[in-house]
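Biologist: Please bring up the model, and let us go through its charges, its surface patches and a few backbone details.

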Amino acid sequence: MREVLRDLWGVVYMLDMSLNTRWLLGAVSLGSLAMMDVVVPTPAFAQAAASAEINVPAMPLANALQEIASQSGTTVNFDPNAVSGLKSRPVRGASSAEAAIQAAIERTSLAISTSPDGSLDIVQDIVVRARRDEAETSVIVRQSSTSDRSGLGLRDQPRNTQVITAKTIEEQQALDITDILRNAGGVSVQANNPNTGASYTVRGFSAAGLVNGLAGGSQYGVQSGANQPVANIERVEVLKGPDALLSGFGNLGGNVNVVTKKPSAEERLAVSLDTGSFGLVRGVIDANNAISADKKLTARMIASVQTMDQNYGGYRGTEDYLVAPSLRFTDRLTDIVIGASLSKSNAGIGAYTLFNNKTFQLIERDPSVPIYSPDQGISVSTNRFYFDLTRKITPGIELVVRGMHDDSRLALQVYQVGYNRAGNLTLGVGGSLQKGKSDALDSFVRIKTGLGDAVKLSFNVGYNYSKGFTDQSSGTVFTTILNPPLGANTSLPVLPFSPLSAVQIRTEGKQEAIYGQALIEFWKIKLLGGVRKNWFETS
């Protein structure tokens, strides 16, 4: 349905007002290159370094950065005061300047930032966090993912993680999570189930979905998936294989992790308005700025509205509303984000057809004509509150704590079309409602060390907890209609959905776990192993 909508996309009007101010942040500011050493390689060195490995022994960090720039042919900017007195780690067999610098500055509070011209800036962590995440400005990301507990960049992770960035989502003009995951490898989205909302399968196994690495209401029965309006998505991570098991039960094939946007010290106001086919109108306001003089405290407010008269299948149109405020405090040792996402979505079901139970072939029909009635859809509302804390204890040791509370409601008004046991085509008139709450907490200690200069060791140990319940109700009257038309309905009266009953079923669950993960790096070999002990209760 969305593919056709994109094909029919009309004129898009975009008003994007951006105010980008880079403030001086102490002696490590990138805005004052006069205070920085700029190492520019000569053309001869740049040409020779294109295919060579980079090897630099341990030495004063300033000298090591100059040597890396010389060997790699890459311009490297750094503040002499920021690296004064620091000694580099040895670099062996690095394939790029970025990988070499990352190895050299290991166990320091420094970080790498890539400038638009391709040069590399060596800065304190606070400067990096003062900018928007690279997933908002680039199709390709290199920073570590939320789902990863080792703190490595994506290139250095010995795992299969696909990342779909906010920039990619913007360029694809995706309208919802189904659109975003359409081209994700090994992932299928099921959005037309008559008794549930959106659900995922990864490599053939069901997955409830994660938000910021934590299980939400979908893990305990409210089948809305990792529901999150597109305007507040920083990136979507598709986890494959055993890596997703660190998130708990129900993730045998993998999982889908939706990461929300975070505040930064960048002063920015963006206002956009889109119009498209089927009466689509979407407006987004994204305001971000520092709210303290030292720029350690920042705030962001995202609000969006999306409406559509009808979808491609001729069913009920879309109404999406979102308000997402967040605060962030960052200093040399601490980074904490507190936020909320208050959203409500009403959407018609997608166009579909059936298999003929006699010929076992798809029934050919006009997909733009709704079956029985156009007034069919799914309503999802979610009030989500979350926090994410990272605290450096000592060089090489960090404490990470994340928490989230979900309050979700999912109502379905979908006519159930299928074949009964006698082989007759039937249509059921019912409806259902799911309401639930859940809480999740994940905390771990991350340690990076080494065994001499040859072996790097990173490991983490943590505790994971989640708990939730779902109350389910259905229509008080269920009516069955035999042989409904699969084309335009010109003969049958449309029966309204009946009122919902009191709560019929409550499902509850609780999960606790302790886990550990270790990564050993030697030369070009990376060995990753993990263990998790899980306790699960359900009723």
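Biologist: Is R300 buried or exposed, and at what relative accessibility?

Modeller: This is a predicted model, and the value is computed from it. Buried means under 20% relative accessible area. R300 falls under that cut-off and so counts as buried, its relative accessibility being 3%.

Biologist: Which residue meets R300 in a salt bridge of 2.8 Å, N to O?

Modeller: General chemistry comes first: side chains of opposite charge can pair when their charged atoms come close. Here the side chain of R300 meets that of E136, at 2.8 Å from N to O. The two residues are 164 apart, with R300 in strand 17 (residues 297–310) and its partner in the loop between helix 6 (125–129) and strand 7 (161–165). Both are buried, and the partner asked for is E136.

Biologist: Which residue of strand 16 is also paired with R300?

Modeller: A salt bridge of 2.7 Å, N to O, joins the side chains of R300 and D286. That pair connects strand 17 with strand 16 across 14 residues. At 6% relative accessibility the partner counts as buried, and its name is D286.

Biologist: Which residues are linked in the network of salt bridges?

Modeller: R300 has salt bridges to E136 and to D286. The network includes R268 as well. Its members are E136, R268, D286 and R300.

Biologist: How many salt bridges does a search of the whole structure find?

Modeller: One of them is the pair E234 and R235, with the closest N and O atoms 3.3 Å apart. E234 is buried at a relative accessible area of 2%, and R235 counts as buried at 2% relative accessibility. For the whole structure, the search finds 15.

Biologist: Which residues gather in the patch of positive charge on the surface?

Modeller: Take K344, in strand 19 (residues 334–348). K344 counts as partly exposed because its relative accessibility is 45%, and patches are made of residues with over 30%. The members of this patch are K344, R409, K435 and K437.

Biologist: What is the relative accessibility of S343?

Modeller: S343 also has its place in strand 19. In space it is 6.5 Å from N383, C-alpha to C-alpha, although 40 residues separate the two in sequence. S343 counts as buried because its relative accessibility is 9%.

Biologist: What area does the nonpolar surface patch have?

Modeller: I520, F522, W523, I525 and L527 make up the patch. Strand 27 (505–522) and strand 28 (525–538) each give two or more residues to this nonpolar patch. F522 lies in strand 27 and counts as partly exposed, at 45% relative accessibility. The area of the patch is about 570 Å².

Biologist: Which residue in the loop between strand 15 and strand 16 has a positive phi?

Modeller: Most residues other than glycine have a negative phi. The residue asked about is not a glycine, yet its phi is about 60°. It sits in the loop between strand 15 (268–276) and strand 16 (280–290) and counts as partly exposed at 23% relative accessibility. Its name is F278.

Biologist: What is the phi of N212?

Modeller: N212 belongs to the loop between strand 11 (210–211) and strand 12 (214–215). At 11% relative accessibility N212 counts as buried. The phi of N212 is positive, near 55°.

Conventions:
Residues are numbered from 1 along each chain as its sequence is written. This is a predicted model: local features need pLDDT of at least 70, side-chain atom pairs count only at pLDDT 80 or more; totals for chains, interfaces and linings use all residues. Side-chain values use heavy atoms; hydrogens and water are left out. Patches are made of residues with over 30% relative accessible area and no salt bridge: like charges are joined within 9 Å, nonpolar side chains (Val, Leu, Ile, Met, Phe, Trp, Tyr) within 5 Å. Accessible areas come from the Shrake-Rupley method with a 1.4 Å probe; for residues, only the protein chains shown count as cover. A salt bridge is a side-chain nitrogen of Lys or Arg within 4 Å of a carboxyl oxygen of Asp or Glu. Lys and Arg count as positive and Asp and Glu as negative; His and the chain ends are not counted. The place of a charge is taken as NZ of Lys, CZ of Arg, CG of Asp or CD of Glu. Helices (H or I, at least four residues) and strands (E, at least two) are DSSP runs, numbered from the N terminus. Buried means under 20% relative accessible area, exposed over 50%, partly exposed in between (1.4 Å probe, protein chains only).
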